Amino acid sequence: MSRSQAALSAPAPDPMPPQHTPPTLADVARTAGVSCATASRVLTGSARVRPETRHQVEQAIAELGYVRNRAPRASRDRTGSVAFVVCEDDIRVFADPFFARMLWSVSRELVAADMQLVLLTVHAARDYRAVSKYVRGGHVDGALFVSVHGKLPESLDQLGVPTVLCGRPLDSGPNLSYVDADNVGGAERAVGHLLTQGRDCIATVAGPTDMSAGVDRLAGYRKTLAAAGFDDSGLIGYGDFGRVSAEHATYRILDRNPGVDAVFAASDLMAGGVLRALRRRGRRVPEDVAVVGFDDSPLAQHTEPQLTTVRQPIDAMGARMVTEVLGLAGQRDHAPVHVVLDTELVTRDSA
């Protein structure tokens with residue numbers, strides 16, 4: 001057979017195999033059954049890793065074919081820092097236990113990964129510009145945004161570093177990753193619990209309408225009442241997730257509808273305001289009015305009576321945000337990650 005005949009009779013080459021997205025550090029951590037911080041410590045050669053854990057991570061790296069890619073950051077050295085950006089005024093940041101717990105969780109995970117946290121606060125549009133300039137200036141390797149209000153600034157999609165939001169953004173806006181709690185499901189569980197107790201005039205003090213947590217918790221409340229055949233007219237008040245706003249909202253609800261026998265508050269701080277308003281109006285909890293909050297913050301166990309509430313996994317949310325931002329680091333192209341973690345109803349004396 002001639003060389004030309006052999007060429008003609010040879011089988012056609014296989015088509016090119018489909019291209020797959022390169023594995024991330026988060027993929028390695030999941031495969032190894034460890035946190036992203038632990039996987040990162042293995043890659044950096046930290047001595048603070050048990051031999052068996054190091055072996056698990058190294059096996060996962062080999063199995064997935066993970067390659068640490070620093071190309072997108074080649075223009076400068078890595079800083080070893082991640083920005084934690086809270087979009088609230090300083091008073092709210094340090095007064096609301098949600099932020100303290102989230103800050104503690106994120107800081108713990110970053111320290112475990114031999115990284116530092118840089119705390120920034122945002123009060124207005126000009127602050128977004130300043131934060132954007134700081135992040136783009138090469139001071140951090142990633143950014144975590146917490147408590148974003150309203151439409152996302154377009155600049156957040158152009159920071160040049162991995163960015164993860166705490167909470168689903170309200171608008172389709174920049175295509176960013178986020179980690180959230182199941183706010184709709186949590187509200188459904190809260191209102192469902194009140195319905196099973198025979199409460200038939202259930203009000204709510206909802207959170208801000210420019211935040212997904214406020215919108216989703218209200219949606220869960222309304223959905224559950226509607227499914228049970230109840231009307232929510234005159235039973236909805238609004239607060240800013242703070243105690244004072246909820247107290248005033250409760251007065252307005254009671255003025256409109258004196259027969260209220262239960263209140264679902266969209267945060268524990270607001271539930272504290274609800275309890276104060278009910279006490280000042282001479283209503284007993286839970287005998288006259290049952291109250292359920294949302295967060296399961298330390299406050300829930302120090303109210304009188306102790307607060308039934310929806311536990312959102314703040315520690316797990318903070319840890320997952322760090323896992324995702326570190327997992328996205330070094331990836332030239334990545335699809336946004338959308339994570340929603342389960343919530344749980346914790347029953348105490350108020351309902």
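Colleague: What word describes how helix 2 and helix 12 lie to each other?
Modeller: In this predicted model, local features need pLDDT of at least 70 and side-chain atom pairs 80 or more, while totals for chains, interfaces and linings use all residues. Residues are numbered from 1 along each chain as its sequence is written, and side-chain values use heavy atoms, without hydrogens or water. Helix 2 (residues 25-32) and helix 12 (residues 314-328) pack at about 125 degrees with axes 7 Å apart, helices being DSSP runs of H or I with at least four residues, and strands E runs of at least two, numbered from the N terminus. Angles under 35 degrees count as roughly parallel, over 145 as roughly antiparallel, 65 to 115 as roughly perpendicular and the rest as oblique, so helix 2 and helix 12 are oblique.

Colleague: Which residues of helix 2 make the contact with helix 12?
Modeller: Contact means heavy atoms within 4.5 Å. Helix 12 contributes Arg 320, Thr 323, Glu 324, Leu 326 and Gly 327, and from helix 2 come Leu 25, Ala 26 and Arg 30.

Colleague: Happy to move on to the rings! How many aromatic pairs are there?
Modeller: Rings of Phe, Tyr and Trp (its six-membered ring) pair if their centres lie within 6.5 Å, with planes under 30 degrees apart stacked, over 60 edge-to-face and the rest tilted. By this rule the number of aromatic pairs is two.

Colleague: What is the angle between the planes of Phe 98 and Phe 99?
Modeller: Both Phe 98 and Phe 99 are buried, meaning under 20% relative accessible area (exposed is over 50%, partly exposed in between; 1.4 Å probe, protein chains only). Their edge-to-face pair has a centre-to-centre distance of 5.4 Å and a plane angle of 80 degrees.

Colleague: Why does the pair of Phe 264 and Phe 294 count as tilted?
Modeller: Phe 264 and Phe 294 are buried. Their ring centres are 6.5 Å apart and the planes meet at 55 degrees, so the pair is tilted.

Colleague: How many residues apart in sequence are the parts tied together by Phe 264 and Phe 294?
Modeller: Phe 264 belongs to strand 8 (residues 262-265) and Phe 294 to strand 9 (residues 290-295). The pair therefore ties together parts whose separation in sequence is 30 residues.

Colleague: Which residue has its charged end over the ring of Phe 294?
Modeller: A charge sits over a ring if NZ of Lys or CZ of Arg is within 6 Å of the ring centre and within 35 degrees of the ring normal. At 3.8 Å from the centre of the Phe 294 ring, the residue is Arg 217.

How values were computed: Axes are lines fitted to C-alpha atoms, for helices over the stretch in contact, and angles run from 0 to 180 degrees between N-to-C directions.
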